[in-house]
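Visitor: I have a model open and would like to learn how to read it. Where do we begin?

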Amino acid sequence: MYKEIKNRIESPTPPFFKKLQKGGLILIAVGTALMSAPVAIPLAIVNLGGYILTAGTIITAVSQVAKEDK
C-alpha cells in the first residue's frame, strides 16, 4: 500500500490537477491571512478562515496524489 502511495506521489500530475493544486494553495494563503489578521475581526470571519484553510489543504493533498493514466 505504501509503495502505491509513493508511486502516485512521484508520478506526473495531470494539468487539471496542477491548476487545482495551485488554487488550493491560494485558498490556504487566504485562510491563513484571515485567521492571523492582527485587527479585531468578527469571530465568524475567523471561523470562515479556518474552513477555507481546511478546504485548501484537502484540495492540495488530493491533487498531489492524482495520477496520469498511461
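Guide: We will go through helices, their faces, some single residues and a surface patch. Keep in mind that this is a predicted model.

Visitor: Let us take the helices. How many residues does helix α3 have, and how far does α3 reach?

Guide: The general idea is to compare the reach of a helix with the span expected at 1.5 Å a residue. Helix α3 covers residues 43-64, which is 22 residues. From its first C-alpha to its last, α3 reaches 32 Å, close to the expected 32 Å.

Visitor: What does that check give for α2?

Guide: Helix α2 has 21 residues and reaches 31 Å between its first and last C-alpha, close to the 30 Å expected.

Visitor: Next, burial. Which residues of α3 are buried?

Guide: A residue is called buried when its relative accessible area is under 20%. In α3, that applies to Gly49, Gly50, Ile52, Gly56, Thr60 and Ser63. These residues cover an arc of only 170° around the axis, so they sit on the same side of α3.

Visitor: Which exposed residues does the opposite face of α3 carry?

Guide: Exposed means over 50% relative accessible area. The face turned away from the buried side of α3 carries Leu43, Ala44, Tyr51 and Ile58 as exposed residues.

Visitor: What do the buried residues of α3 pack against?

Guide: They pack against α2, residues 15-35. Seen from the other helix, the buried residues of α2 pack against α3.

Visitor: Which residues of α2 are buried, then?

Guide: Gln21, Gly24 and Gly31 are buried in α2. Viewed down the axis of α2, its buried residues fall within an arc of 85°, so they line one face of the helix. The face of α2 turned away from that side carries the exposed residues Pro15, Lys19, Lys22 and Ile26.

Visitor: Can we look at single residues? Is Gly56 buried or exposed?

Guide: Start with the accessibility value, then look at the contacts. Gly56, in helix α3, has a relative accessible area of 0% and is therefore buried. Setting aside residues up to four places away in sequence, Gly56 touches Gly24, Leu27 and Ile28. Gly56 and Leu27 are 29 residues apart along the chain, yet their C-alpha atoms are separated by 4.9 Å.

Visitor: Why does Ser63 count as buried, and which residues is Ser63 in contact with?

Guide: Ser63, also a residue of helix α3, counts as buried because its relative accessibility is 1%. Apart from neighbours within four places in sequence, Ser63 is in contact with Thr13, Phe17, Leu20 and Gln21.

Visitor: Where does Thr13 lie?

Guide: Thr13 lies in the loop between α1 and α2. A loop residue is read by the cut-off already used for the helices. With a relative accessible area of 14%, Thr13 is buried. Its contacts, again leaving aside neighbours within four places in sequence, are Lys18, Ser63, Gln64, Ala66 and Glu68.

Visitor: Now the outward residues of α2. Why does Pro15 count as exposed?

Guide: Pro15, found in helix α2, counts as exposed because its relative accessibility is 56%. The C-alpha atoms of Pro15 and Glu68 are separated by 9.2 Å, with their positions 53 residues apart along the chain counted as the sequence distance. Lys22, also placed in helix α2, counts as exposed at 58% relative accessibility. Lys22 and Ile59 are 37 residues apart in sequence and 9.4 Å apart in space, C-alpha to C-alpha.

Visitor: How should I read a value between the two cut-offs, as for Asn47?

Guide: Such a residue is called partly exposed. Asn47 is in helix α3 and counts as partly exposed at 40% relative accessibility. Its C-alpha is 7.7 Å from that of Met35, 12 residues away in sequence.

Visitor: Last, the surface. Which residues form a nonpolar patch?

Guide: To read a patch, look for nonpolar side chains grouped on the surface. Here Met1, Tyr2, Ile5, Ile9 and Val65 form one, with about 570 Å² of accessible area together. Ile9, one of these residues, is placed in helix α1, residues 2-10. At 40% relative accessibility, Ile9 counts as partly exposed.

Terms used
Residues numbered from 1 in each chain as written. Predicted model: local features only at pLDDT ≥ 70, side-chain atom pairs only at ≥ 80, totals over all residues. Heavy atoms only, no water. Patch = residues over 30% accessible without salt bridge, like charges linked within 9 Å, V, L, I, M, F, W, Y side chains within 5 Å. Areas by Shrake-Rupley, 256 points an atom, 1.4 Å probe, with all protein chains shown as cover. Salt bridge = Lys/Arg side-chain N within 4 Å of Asp/Glu carboxyl O. Helix = DSSP H or I, 4+ residues; strand = E, 2+ residues; numbered from the N terminus. Buried < 20%, exposed > 50% of the residue type's maximum accessible area, 1.4 Å probe, protein only. Arc of directions from axis to C-beta. Contact = heavy atoms within 4.5 Å.
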